[in-house]
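Here's a quick walk through a protein fold, written for someone who'd rather be at the bench. Have a look at the model first.

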Amino acid sequence: RKAGRDAFLIEAAELIGTQRNPTSIVTTINMIAGDLDLDESSRLAVLDGLNIGLTKAGNLGLPGPLRAQVTEVTRDLQPHASTRLLAGLWGLKRHLELELDSSQQDRLETSRLAVLDSGRSLADRLAHLRLLAFADFGFRQETLWTLLGFQHPQDLQLAAMRQLLQTRDPLVISTLIDRWSSLSRACRSLASDALIHRSANHDLLLTALEEERLPMGQLNLDL
């Protein structure tokens, strides 16, 4: 029942996001903040839907009064927000072209430590990693490389790999090739996709194959 409700909320909010109507979006955000009967799961569903819709339709700059209203509402929500809810809020602010506030750095530092804490649940660590994606790459890159280690759960390895590949930085690709033998099978599969299907990586791929730094058989895993 709860899963069905959340699925409905995601679908409805996604439609609102896709339509890119500023008033409708701000009304939905105010609903998240003002309806005390909404539990966190429902708030997350609405935020996820809005973010999915805006990802599909494109970012939306808000008019001045609405911009100020959303800034105030999201600022009030942030201090007591869970990591997952905060990631949703930050994602929405990015889609609405709003700046993140000064408390961001403290939360990011907390997430950088929490994502490496094996005593936390996988869901919690993944939520912190999602939040960490809002940091500059230089701030999080060492953590991402560490998370590729076999001692970390595979889901965490894959999420870290996706963040690394999203940078589209040739140095990241070169480093992945150098570390190929230490990557899990699943991570090699993701990296292989990036090497084969992104033309910008072809020169690095061909050079690595010619120099035998990259075994062809391993490159084709799961493809």
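What follows goes from the overall fold to the surface and then to a few aromatic side chains.

## Overall fold

Keep in mind that this is a predicted model. The protein is built from 13 helices and has zero strands, so reading from the N terminus you just meet one α element after another. Its C-alpha atoms fit in a box of roughly 60 × 40 × 40 Å along the principal axes.

Of the 223 residues, 43% are buried. Looking at contacts with a separation of 6 or more, 66% link residues that sit 24 or more positions apart.

## Surface and charge

The protein exposes about 11700 Å², and carbon and sulfur atoms supply 52% of that area. On the charge side, there are 24 positive and 28 negative charges, and their mean positions are 2 Å apart.

## Aromatic side chains

How many aromatic pairs turn up? The count is one aromatic pair. It's formed by Trp90 and Phe134, with ring centres 5.6 Å apart and planes at 85°; planes over 60 degrees apart count as edge-to-face, so that's the label here. Trp90 belongs to helix H5 (residues 83-95), while Phe134 sits in the loop between helix H7 (122-132) and helix H8 (137-147), so the pair ties together parts that are 44 residues apart in sequence. Both Trp90 and Phe134 are buried.

There's also a charge over a ring: Arg112 lies over the face of Phe139, 3.8 Å from the ring centre.

Definitions and conventions:
Residues numbered from 1 in each chain as written. Predicted model: local features only at pLDDT ≥ 70, side-chain atom pairs only at ≥ 80, totals over all residues. Heavy atoms only, no water. Helix = DSSP H or I, 4+ residues; strand = E, 2+ residues; numbered from the N terminus. Buried < 20%, exposed > 50% of the residue type's maximum accessible area, 1.4 Å probe, protein only. Contact = heavy atoms within 4.5 Å. Areas by Shrake-Rupley, 256 points an atom, 1.4 Å probe, with all protein chains shown as cover. Lys, Arg positive; Asp, Glu negative; His and termini not counted. Charge placed at Lys NZ, Arg CZ, Asp CG, Glu CD. Phe/Tyr/Trp six-rings, centres within 6.5 Å; stacked < 30°, edge-to-face > 60°. Lys NZ or Arg CZ within 6 Å of the ring centre and 35° of its normal.
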